[in-house]
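The exercises below go through one protein model, each with a worked solution. Look at the sequence and the structure before reading the solutions.

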Amino acid sequence: MAAGLVLAYIVAYVVGKVVYKHNRADATMQALSASFPDMAYCGPPILLATVGSSGLIAMVIGNLIYTVIILPIALMMIGGGNKGQSAWKSFGKSLSQPLVFLPILGAVLAIIGVEVPDVIKNSLNELGKTAGGVALFFLGLFLSGIKMNLRSEIVFNVIVKNILQGAVILGVGVALGLEGMLLKSAFIIGVLPTATATPALAVANNVYKDEAASTVLLSTLVSLVTMTLGIVVVSEWL
């Protein structure tokens, strides 16, 4: 998963800089648009249906890889490139983002065995139940104000996210000798559409807004095909 997530990010960033002549902030947001799987909302139902509850471990690992390694660096690059901040100041700001530190904090608490009080746990569960709907509602409002953009840049983003990422994860997994549930769940992560959090990040940082939204919309539509094919591959060949 790390290979697929990181390689998709690097490929999209380089193409954004070299081919589409974006500045650092826009190229970084393009890289996020082409590499950030929608693990939080699309992941659970697809993994449960194809792999079972053990597949959720892959979702947790994928989220940690992205939030611990990729997202802090990306937010640092966006902040520094967009506002002229120093690298360390941008890095510190990126770590302060809830999208970054909350998953890390949750993982640390789970590893050391801290039991969260029921009052806090129940409150967080209620927030978690509404998060997906709120995110999709926001995305719908955001997309309603723009037209679908099918220029080559958006199509490239979707090809990298929906096809290349899954192919890389599958290839590396087979090369490493993975099989069974491990390989299936990792591969399913790779064929998920672009995360709905991407347009929110674009709006918050005022970079690559229309392109990020168009990528999410087209990636979600294309995922109806790529996820179906992914399920067939998982069911018949892996």
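Buried residues make up 43% of the 238 residues in this protein. The model is a predicted one.

**Exercise 1. Describe the overall build of the protein: how many helices and strands does it have, and in what order do the elements run?**

Solution.
Step 1. Count the elements: the secondary structure comes to 11 helices and 0 strands.
Step 2. Write the order from the N terminus, which is α-α-α-α-α-α-α-α-α-α-α.
Step 3. Look at contacts with a separation of 6 or more: 78% of these are accounted for by residues 24 or more positions apart.
Step 4. Turn to the surface. The accessible surface is about 11,700 Å², and 71% of this area belongs to carbon and sulfur atoms.

**Exercise 2. Characterise the second largest pocket: which residues line it, and which element gives the most to the lining?**

Solution.
Step 1. List the lining: Met1, Ser54, Gly55, Ile57, Ala58, Ile61, Leu178, Met181, Leu182, Ser185 and Ala186.
Step 2. Assign the lining to elements. Helix H4 (56–83) and helix H9 (181–190) are the elements that give two or more residues.
Step 3. Find the main contributor: H9 gives the most to the lining, with 4 residues.
Step 4. Sort the lining by character. The residues divide into 8 nonpolar, 3 polar and no charged.
Step 5. Add the volume: the space in this pocket is about 160 Å³.

**Exercise 3. Decide how enclosed helix H9 is, and place methionine 181 in that picture: is methionine 181 buried, partly exposed or exposed?**

Solution.
Step 1. Name the buried residues of H9: Leu183, Lys184, Ser185, Ala186, Phe187, Ile188, Ile189 and Gly190.
Step 2. Draw the conclusion for the helix. Because 8 of its 10 residues are buried, H9 is largely enclosed by the rest of the structure.
Step 3. Locate methionine 181, which is found in helix H9.
Step 4. Apply the cut-offs: buried is under 20% relative accessible area, exposed is over 50%, and partly exposed is in between. Methionine 181 has 43% relative accessibility, so methionine 181 counts as partly exposed.
Step 5. Check the neighbours. Leaving aside residues up to four places away in sequence, methionine 181 touches Val51 and Ser54.
Step 6. Note one distance: the C-alpha atoms of methionine 181 and valine 234 are separated by 9.3 Å, with their positions 53 residues apart along the chain.

**Exercise 4. Compare two residues of the loop between H1 and H2, lysine 21 and histidine 22: which is buried and which is exposed?**

Solution.
Step 1. Place the residues. Lysine 21 is found in the loop between H1 and H2, and histidine 22 lies in the loop between helix H1 (2–18) and helix H2 (24–33).
Step 2. Read the accessibility. Lysine 21 has a relative accessible area of 66% and is therefore exposed. Histidine 22, at 15% relative accessibility, counts as buried.
Step 3. List what histidine 22 touches beyond four places in sequence: Gly16, Lys17, Ala27, Gln30, Glu153 and Tyr208.
Step 4. Pick out the polar contact: the side chains of histidine 22 and glutamate 153 are joined by one of 2.6 Å.

**Exercise 5. Examine the backbone of lysine 21 and asparagine 206: what sign does phi have in each?**

Solution.
Step 1. Recall the usual case: most residues other than glycine have a negative phi.
Step 2. Read lysine 21. Its phi is positive, about 60°, although lysine 21 is not a glycine.
Step 3. Read asparagine 206, where phi is also positive, at about 55°.
Step 4. Locate asparagine 206: the residue lies in the loop between helix H10 (197–205) and helix H11 (209–236).
Step 5. Add the accessibility. Asparagine 206 counts as exposed, at 52%.

**Exercise 6. Trace the surroundings of threonine 215: which residues does it touch, and what polar contact does its side chain make with another side chain?**

Solution.
Step 1. Place the residue: threonine 215 is found in helix H11.
Step 2. Read its accessibility. With a relative accessible area of 0%, threonine 215 is buried.
Step 3. List the residues that threonine 215 touches, not counting those up to four places away in sequence: Ser33, Ile154, Asn157, Val158 and Thr194.
Step 4. Take valine 158 from that list. Its C-alpha atom and that of threonine 215 are separated by 6.4 Å, and the two residues are 57 residues apart along the chain.
Step 5. Find the side-chain partner: asparagine 157 makes a polar contact of 3.1 Å with the side chain of threonine 215 through its own side chain.
Step 6. Add the backbone partner. A polar atom of the threonine 215 side chain lies 2.8 Å from the backbone oxygen of glutamate 211.

Notes:
Residues are numbered from 1 along each chain as its sequence is written. This is a predicted model: local features need pLDDT of at least 70, side-chain atom pairs count only at pLDDT 80 or more; totals for chains, interfaces and linings use all residues. Side-chain values use heavy atoms; hydrogens and water are left out. On a 1 Å grid over the protein atoms alone, a cavity is a set of points where a 1.4 Å probe fits but cannot get out, and a pocket is an open set with protein on both sides within 12 Å along at least five of seven lines; lining residues have an atom within 4 Å of a point. Grid points are joined across faces, edges and corners, and a volume is the space filled by probe spheres set on the points. Ala, Val, Leu, Ile, Met, Phe, Trp, Tyr, Cys and Pro count as nonpolar, Asp, Glu, Lys and Arg as charged, and the others, Gly among them, as polar. Buried means under 20% relative accessible area, exposed over 50%, partly exposed in between (1.4 Å probe, protein chains only). Contact means heavy atoms within 4.5 Å. Accessible areas come from the Shrake-Rupley method with a 1.4 Å probe; for residues, only the protein chains shown count as cover. A polar contact is a pair of N or O atoms within 3.5 Å; within protein, one must be able to donate a hydrogen and the other to accept it, and residues adjacent in sequence count only if both atoms are side-chain atoms.
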